[in-house]
Amino acid sequence: DWISHGSDASERYRSYARSAVFSHDRLTFTLARYLEEHSLPSCIMLEKELERVISEELRLRTRLLEQGVRDVSSQISLPKNRLDQLDESSADYDDKRLCFSCKHVCFFSAVACECSQSKVSCLRHSHYMCRCQTHMRYMMMWSTVAEMTETLEKVQKHISQLTKEKDGTVSEEIDVVASSTSVESPSKSLQKRPLPEPVESRMMYGESAPGVEQDKGKHKNFRLDFSVDHIEKGARLLKPRIRISLSATTSKTDSENSTP
């Protein structure tokens, strides 16, 4: 069950704008290359995570391109994502494509603007990147739609194969996998998945990772007080602490200067 915990941790890192030790997306897609080493329950969890990640990627790509962001994939040559192993060179390359806002590794694609030669953004936060008009921004893609959906199809076929090898007993988990398999192509079905509500607050985020909804429930009624009276009260409480800190620093400096 570490896949769901890794997904939750990745979303938490993004919410605090903290870079992760390694890319969760890279690890997830690397695992999809070694399905023979995983059990049926693990493959089912892997499929669910792939569907979540790919569906968000496809929806946001479509949305940004419709808004006027240019696709320059055919004009530039980007190195393919290595999925055979997790090595130091791959990690170093990931460090060069961190989102300026949430510090998430832009593993599949990133948005940049002509106003900067170094700043990139994930698809969630490109509208915060600068004040330039949309036509000045462009999208760089390391993974095509075909590559992502092919990976998902590979996992689904492996799950189907593992299911057939069982002794005729069909668990609830297998029923979920069978019902989620669609006749149409995965790319189209993933793009058709509706965005979570309310759209106003989560229109750029896609489906939430496990654990996010629980945290929101805990802080549902929490409100920050930005009233003038509250701010002034906080300032009055901080003043004595600041004075004590300054006086302690001054005393220490005087003692150091008086030492022969």
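**Close-up views of a predicted model**

**View 1. The largest nonpolar core.** In this predicted model, the largest nonpolar core brings together 23 residues, and the ones with the most contacts inside it are Phe29, Leu46, Leu50, Ile54 and Val155. Three helices each put in at least two residues: H2, H3 (40-67) and H5 (145-165). The largest share belongs to H3, with eight residues. As a bit of background, nonpolar side chains in soluble globular proteins tend to be buried together.

**View 2. The whole chain, for orientation.** Before going further in, here's the overall layout: the protein chain has 10 helices and four strands. Going along the sequence, their order is α-α-α-β-α-β-β-β-α-α-α-α-α-α. Of the 260 residues in the protein chain, 36% are buried. Take the contacts in the chain with a separation of 6 or more, and 74% of them join residues 24 or more positions apart. The accessible surface adds up to about 16,600 Å², with 54% of that belonging to carbon and sulfur atoms.

**View 3. Helix H2, wrapped up by its neighbours.** Eight of the eight residues of H2 are buried, so this helix is largely enclosed by the rest of the structure. They are His24, Asp25, Arg26, Leu27, Thr28, Phe29, Thr30 and Leu31. What do these buried residues pack against? Their partners are helix H1 (2-15) along with H3, H4 and H5.

**View 4. Thr28 and Leu46, face to face.** Thr28 is part of helix H2 and is buried, at 5% relative accessible area. Setting aside residues up to four places away in sequence, Thr28 touches Leu46, Glu49 and Leu50. Thr28 and Leu46 are 18 residues apart along the chain, and 7.3 Å separates their C-alpha atoms. Now switch to the other side of that contact: Leu46 is one of the core residues with the most contacts. Again leaving out residues up to four places away in sequence, Leu46 touches Ile3, Thr28, Leu31, Ala32, Leu35 and Val155.

**View 5. A cluster of three phenylalanines.** There are two aromatic pairs in the structure. One is Phe29 with Phe108, an edge-to-face pair with 5.1 Å from centre to centre and 65° between the planes. Why does this pair tie together parts that are 79 residues apart in sequence? Phe29 lies in helix H2 (residues 24-31), while Phe108 lies in the loop between helix H4 (88-95) and strand E2 (109-113), so the link spans that separation. Phe29 is buried, with a relative accessible area of 4%, and Phe108 also counts as buried, at 4% relative accessibility. The rings of Phe107 and Phe108 have centres 5.2 Å apart and planes at 80°, so they form an edge-to-face pair as well. Phe107 is buried too. Put together, Phe29, Phe107 and Phe108 make one aromatic cluster.

**View 6. Two charges over rings.** Here we look at Arg97 and Lys119, each with its charged end over a ring. For Arg97, the ring belongs to Trp142, and the charged end is 4.7 Å from the ring centre. For Lys119, the ring is that of Phe100, with 5.3 Å from the charged end to the ring centre.

**View 7. Val72 and its partners further along the chain.** Val72 is in the loop between strand E1 (70-71) and H4. Buried or exposed? Val72 is buried, with a relative accessible area of 7%. Which residues does Val72 touch, not counting those up to four places away in sequence? The answer is Tyr138, Met139 and Met140. Take Tyr138: 66 residues separate it from Val72 in sequence, yet the two are 6.5 Å apart in space, C-alpha to C-alpha.

**View 8. Cysteines without a disulfide.** A disulfide is a covalent bond between the sulfur atoms of two cysteines. Searching the whole structure turns up zero disulfides. Why is Cys115 not bonded to Cys113? The closest cysteine sulfur to that of Cys115 is in Cys113, 3.6 Å away, which is too far for a bond; the cut-off is 2.5 Å. Cys115 is partly exposed, with a relative accessible area of 48%, whereas Cys43 is buried, at 1%.

Terms used:
Residues numbered from 1 in each chain as written. Predicted model: local features only at pLDDT ≥ 70, side-chain atom pairs only at ≥ 80, totals over all residues. Heavy atoms only, no water. Buried < 20%, exposed > 50% of the residue type's maximum accessible area, 1.4 Å probe, protein only. Contact = heavy atoms within 4.5 Å. Areas by Shrake-Rupley, 256 points an atom, 1.4 Å probe, with all protein chains shown as cover. Phe/Tyr/Trp six-rings, centres within 6.5 Å; stacked < 30°, edge-to-face > 60°. Lys NZ or Arg CZ within 6 Å of the ring centre and 35° of its normal. Core = buried A, V, L, I, M, F, W, Y, C linked by side-chain atoms within 4.5 Å.
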